[in-house]
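Here's a short set of exercises on how two chains meet. Try each task with the structure open, then check the worked solution.

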There are 2 protein chains.
Amino acid sequence: MTKDEFYMGKALHEAKIAYNVGEIPIGAIIVFEKKVIASAYNLRETLPCATAHAEVLAIEKACRALSRWRLSGCTLYVTVEPCSMCAGAIVNSRLDRLVYGCDDPKGGAVHSLFCIVNNPSLNHQVSVTSGIREEECSQLMKDFFRQRRQ
Amino acid sequence: MTKDEFYMGKALHEAKIAYNVGEIPIGAIIVFEKKVIASAYNLRETLPCATAHAEVLAIEKACRALSRWRLSGCTLYVTVEPCSMCAGAIVNSRLDRLVYGCDDPKGGAVHSLFCIVNNPSLNHQVSVTSGIREEECSQLMKDFFRQRRQ
């Protein structure tokens, strides 16, 4: 198992907690100097709050953990391709690197619908790796929406 | 003075508080049924937190005020064109309408760099009015950056 697959397992663990509380199953973690400094899962319905996606919550926790808004040196792992809000938050927080599992063809803002995180016109570009444990990340979403339709 | 100019005055008031505490001077308010249910200004340096833009903080307050994540029926007033993160948050919160003061040519995600808030590919489109009290909103930003360079 690679380092990215290992950390994606931790994001998947968060996503499964979201699944179990009836939230869209997306999980995220942030790693700094080989340590997980933030873990979060989608809490939109629970709070309720429109901005409570896993990535935003993880970024907020990481800023508190490091007592700074610049998350230089950090990598964010998330199970699904970030939306515009989260992609923008990733750029705004100056994260070094984004690793995600499966694409979101309908709303993804890394390469599906918009290209935000490594756009040359913005003042910061984030390095991206995708497709890590893609099948597991994608299957969790499919299971959730299949169950919800029933 | 039109209704939009009146409410933009309240967002400008928030922006001036940001200016006085040394934050990039952007302010936002959210109006529901003619009542201001949320007011916020940029707090990125103060908290410190990368997601603490005026719009995100106002959306989070409005969700708490209405106890729901869908801000249907609400209008957000903000002094400067929202960035990708905030534009995404505006779509995610299903706001009816966005009113902003001046453009942000470098990072604006309404029409300058990306077109997020009324993109036909997303599952919600927000009605947009721009240029309300544009000069005052823009002057506050110019004054801030001029002072900071000195």
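**Exercise 1. Look for charge pairing and polar pairing between chain A and chain B.**

Start with the ground rules: this is a predicted model, where local features need pLDDT of at least 70 and side-chain atom pairs count only at pLDDT 80 or more, while totals for chains, interfaces and linings use all residues. Residues are numbered from 1 along each chain as its sequence is written, chains are lettered from A in the order in which they are written, and side-chain values use heavy atoms, with hydrogens and water left out.

Step 1: search for salt bridges (a side-chain nitrogen of Lys or Arg within 4 Å of a carboxyl oxygen of Asp or Glu). The rule finds 0 of them across the interface.

Step 2: turn to the helices, taken as DSSP runs (H or I, at least four residues) numbered from the N terminus. On chain A, α2 (54–66) and α3 (84–92) each bring at least two residues to the side touching chain B. The top contributor there is α3(A), with 5 residues.

Step 3: sort that side of chain A by type: 15 residues are nonpolar, 10 polar and 6 charged.

**Exercise 2. Work out how the two copies are related.**

Step 1: superpose chain A on chain B (least squares on C-alpha atoms of residues with pLDDT of at least 70 in both). That takes a rotation of 180° with 0.0 Å of shift along its axis, at RMSD 0.0 Å. The copies are therefore related as by a two-fold rotation axis.

Step 2: find the chain A residue closest to the axis; A:M85 is the one, with its C-alpha at 1.9 Å.

Note on methods. Polar contact = N/O pair within 3.5 Å; in protein donor to acceptor, adjacent residues only side chain to side chain. Nonpolar A, V, L, I, M, F, W, Y, C, P; charged D, E, K, R; others polar.
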